[in-house]
Amino acid sequence: MHADAGQEVVCYESPRPWVGIHRFVFVLFRQLGRQTVYAPGWRQNFSTRDFAELYNLGLPVAAVYFNCQRETGSGGRRI
């Protein structure tokens, strides 16, 4: 199966709260077959381990982690 055969399950949501440093973690799993994976009902205290166990995803095949901080002002960088 190719990566382009996937379907977006959760659309992007901006960080909450709006100020401070935000942590982003992207984790990639290889599904064993075609199955429906549902978006979690909440983001706070999300457990990747529990999510993977629920859908029998096994161990991640890749992950990336980074921190960012919104620039001052209400809309970020302005040119």
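Which residues make up the largest nonpolar core? The views below start from that question and then move outward through this predicted model.

**View 1. The largest nonpolar core has six residues in all.** Its members are Phe29, Val37, Phe51, Ala52, Tyr55 and Leu57. Two of them, Phe29 and Tyr55, get views of their own further down. Across the protein, 13% of the 79 residues count as buried.

**View 2. Here is the whole protein, with its one helix and two strands.** Follow the sequence and you get the pattern β-α-β. Strand β1 covers 21-28 and helix α1 covers 48-54, while strand β2 covers 62-69. Take the contacts between residues at least 6 apart in sequence: 72% of them join residues at least 24 apart. As for the outside, the accessible surface comes to about 7500 Å², and 54% of that belongs to carbon and sulfur atoms.

**View 3. This one is about the predictor's confidence, with a mean pLDDT of 79 for the protein.** A score of at least 70 is reached by 75% of the residues. Among the elements, α1 has the highest mean pLDDT, at 92. The lowest mean belongs to β1, at 86.

**View 4. Phe29, a member of the largest nonpolar core, and the residues it touches.** Setting aside neighbours within four places in sequence, Phe29 is in contact with Thr48, Ala52, Leu57, Gly58, Leu59, Pro60 and Val61. Two of these partners, Ala52 and Leu57, are listed in the core along with Phe29.

**View 5. Tyr55 sits in the loop between α1 and β2.** Is this loop residue buried or exposed? Tyr55 has a relative accessible area of 14%, so it counts as buried. Leaving out residues up to four places away in sequence, Tyr55 touches Gln35, Thr36, Val37 and Tyr38. Take Gln35 as an example: Tyr55 and Gln35 are 20 residues apart in sequence, and their C-alpha atoms are 8.5 Å apart in space. Val37, another of these partners, belongs to the core together with Tyr55.

**View 6. Asn45 has a positive phi although it is not a glycine.** The angle is about 60°. Look for Asn45 in the loop between β1 and α1. With 71% relative accessibility, Asn45 counts as exposed because the cut-off is over 50%.

**View 7. Asn56 also comes with a positive phi in a residue other than glycine.** Its value is near 55°. You'll find Asn56 in the loop between α1 and β2. Asn56 has a relative accessible area of 54%, so this residue is exposed.

**View 8. On the surface, Val25, Val27 and Tyr65 form a nonpolar patch.** Together they offer about 270 Å² of accessible area. Val25 lies in strand β1. At 47% relative accessibility, Val25 counts as partly exposed, because that label covers values between the 20% and 50% cut-offs.

**View 9. Glu8 is found in the segment before β1.** How far apart are the C-alpha atoms of Glu8 and Ala39? The separation between the Glu8 and Ala39 C-alpha atoms is 9.7 Å, with their positions 31 residues apart along the chain. Glu8 has a relative accessibility of 63%, so it counts as exposed.

Methods:
Residues are numbered from 1 along each chain as its sequence is written. This is a predicted model: local features need pLDDT of at least 70, side-chain atom pairs count only at pLDDT 80 or more; totals for chains, interfaces and linings use all residues. Side-chain values use heavy atoms; hydrogens and water are left out. Helices (H or I, at least four residues) and strands (E, at least two) are DSSP runs, numbered from the N terminus. Buried means under 20% relative accessible area, exposed over 50%, partly exposed in between (1.4 Å probe, protein chains only). Contact means heavy atoms within 4.5 Å. Accessible areas come from the Shrake-Rupley method with a 1.4 Å probe; for residues, only the protein chains shown count as cover. A nonpolar core is a set of buried Ala, Val, Leu, Ile, Met, Phe, Trp, Tyr and Cys residues joined through side-chain atoms within 4.5 Å. Patches are made of residues with over 30% relative accessible area and no salt bridge: like charges are joined within 9 Å, nonpolar side chains (Val, Leu, Ile, Met, Phe, Trp, Tyr) within 5 Å. A salt bridge is a side-chain nitrogen of Lys or Arg within 4 Å of a carboxyl oxygen of Asp or Glu. pLDDT is the predictor's confidence in each residue, from 0 to 100.
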